[in-house]
Each structure stands twice: as C-alpha cells, then as structure tokens.
Amino acid sequence: MEKMINSAKFFCSFTKVMRVAFMVAAWICGVVAALVWLLPESAFAYDAETITFGPVSIALIPDGTVGLALLRGKLSAMLLVCTIVFVFACMVLRVLRHILEPMEQGQPFGDDVVPNLKKLAWLSLIGGGIFEIVKLVMLALILGSRDLMAFFNPAVVQSVEVQYEMNLWFVAVFILLMLMSHIFAYGQQLQQLSDETL
C-alpha cells in the first residue's frame, strides 16, 4: 500500500508539472499563430515546401507558385493545431490527477475514480477522432494543392493515386478505459462490502 501511495504522489506531482508546461506551450503556440500574420515577407523567403510520402520527404525548389498568404495560413494552422493538442493534453492530465488523488490517500477505489475513468475514456474517443480527422484534412490540403505526377517520371509512372485511411486506435483506447471503469466500479462494491463486514 505504501508503494502505491508513493507512486501515486510521484505521478500526481508529475501531472501537475506537465499540465503547467502544456498550458504554457499552448499559450506560446496560440500567440505565435497570431503573430505569423504580422511577420514580414522576408521571413518566408527561404521557406522550402516539402511533401512527404511515407518515409520519403521531397523538398521542392521555391518557384513562387506557393503564395505568401498560403504559407502564412499553413504555418498558422499548424500552430493552432498544436495549441488544441496542448489544451487537450491539459484536460487529460487534469482528469488523470483526479484519478490519482484518491490513490495518493491510500484509497484506490475512491468515489471519484470511476467517473473520471469514464471522462478519460470519452476524452480519448473524442480527441482521437478529432486528431484523425484533422490529420486527413491536412493531408488532403497538402497533397491536393499540387500535381503529384510532376514529381515522377512519366515514362515509368502511369498514374498516382492517393488513398486516405483513418486509424481507429482511439476506439480501442475508449473500450479499454471503459472496461477499467467497470472493473474499478466492481472494486468499489467489494471495498464497500468489506468495510461493512468489518
């Protein structure tokens, strides 16, 4: 029991520190996303556009076809996505802290554990779904803005096809966390019966 309490104290402190760090990072990314629109044109002069195909990255020669507004928008969108990810991470860490607090007091089956496990499950489902959708949209915007056949030798490549796939890892995490919440609810009932028996 002492080992569990010490571990819970350590992880509770760790989540507090990480939550502050992620909150600071979210503010920085949000402010920089707004400041991107105020940067001079010279700040983007040497920005080479890259397109990634799995492990292969192709750096394009700057040809002036990518407009300054598009570059600003792309950078600003990436920073806003980072801001959302950091804010979401803060929410997850807050829920984790609420799960760890009863364990810190030697009560692993406290009343707050089950509802917070269910919150964590829903956060993983919603956050994972949003992450996968944003990833697909960003991929479609990047690959859809260019003629992909221009990167291949037409003498050997007949056509280029892009397949968009969504990974459903977040559904497995949701199911696992919901299962854990039911296990902890059963543990709460057993703990209550044990306390009543004593």
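Reader: What is the relative accessibility of Glu-101?

Author: Glu-101 counts as partly exposed, the class between buried (under 20% relative accessible area) and exposed (over 50%), using a 1.4 Å probe and protein chains only. This is a predicted model, in which local features need pLDDT of at least 70, side-chain atom pairs count only at pLDDT 80 or more, and totals for chains, interfaces and linings use all residues. Residues are numbered from 1 along each chain as its sequence is written, and side-chain values use heavy atoms, leaving out hydrogens and water. For Glu-101 the relative accessibility is 27%.

Reader: Which residue meets Glu-101 in a salt bridge?

Author: A salt bridge needs a side-chain nitrogen of Lys or Arg within 4 Å of a carboxyl oxygen of Asp or Glu. The partner of Glu-101 lies four residues away in helix α2, about one turn of the helix, and counts as buried at 17% relative accessibility. The N to O distance is 3.4 Å, and the partner is Arg-97.

Reader: Which residue forms a salt bridge with Lys-135?

Author: Lys-135 is partly exposed, with a relative accessible area of 42%. Its partner sits three residues away in helix α3, so about one helical turn separates the two. That partner is buried, with a relative accessible area of 1%. The closest N and O atoms are 3.5 Å apart, and the partner is Glu-132.

Reader: Along the sequence, what pattern does the chain follow?

Author: Helices (H or I, at least four residues) and strands (E, at least two) are DSSP runs numbered from the N terminus. The chain has four helices and two strands. Read in order, they give α-β-β-α-α-α.

Reader: In which element is confidence lowest?

Author: Confidence is given per residue as pLDDT, on a scale from 0 to 100. The chain has a mean pLDDT of 81, with 90% of its residues at 70 or more. The highest mean, 88, belongs to α1, while the lowest, 72, belongs to residues 50-53, strand β1.

Reader: Which helix gives the largest share of the largest nonpolar core?

Author: A nonpolar core is a set of buried Ala, Val, Leu, Ile, Met, Phe, Trp, Tyr and Cys residues joined through side-chain atoms within 4.5 Å. The largest one holds 16 residues, of which Ile-99, Met-103, Leu-117 and Phe-184 touch the most other members. At least two residues each come from α1 (2-35), α2 (68-104), α3 (113-144) and α4 (169-197). The largest share, six residues, is from α3.

Reader: Why does one find such groups of nonpolar side chains in soluble globular proteins?

Author: In soluble globular proteins this is a general trend, so a nonpolar core fits a common pattern. In this chain, Leu-117 is one case: it lies in helix α3 and is buried, with a relative accessible area of 4%. The general tendency is for nonpolar side chains to be buried together.

Reader: Which residues does Leu-117 contact, leaving aside neighbours within four places in sequence?

Author: Contact means heavy atoms within 4.5 Å. Leu-117 and Leu-179 are 62 residues apart in sequence, with their C-alpha atoms 9.4 Å apart. The contacts of Leu-117 are Ile-99, Leu-177, Met-180, Ser-181 and Phe-184.

Reader: What does Met-103 touch, not counting residues up to four places away in sequence?

Author: Met-103 is among the core members that touch the most others. Counted in this way, it touches Met-4, Ile-5, Ala-8, Pro-108 and Phe-184.

Reader: How far apart are the C-alpha atoms of Lys-16 and Leu-93?

Author: Lys-16 lies in helix α1 and is partly exposed, with a relative accessible area of 44%. Along the chain, Lys-16 and Leu-93 are 77 residues apart, yet their C-alpha atoms are separated by 7.6 Å.

Reader: What accessible area does the nonpolar patch have?

Author: Patches are made of residues with over 30% relative accessible area and no salt bridge, with like charges joined within 9 Å and nonpolar side chains (Val, Leu, Ile, Met, Phe, Trp, Tyr) within 5 Å; the areas come from the Shrake-Rupley method with a 1.4 Å probe, and for residues only the protein chains shown count as cover. Both α3 and α4 give two or more residues to this patch. One member, Ile-175, lies in helix α4 and is exposed at 52%. With Ile-133, Val-137, Leu-141, Met-166, Leu-168 and Val-171, Ile-175 forms a patch of about 620 Å².

Methods
pLDDT = per-residue confidence, 0-100.
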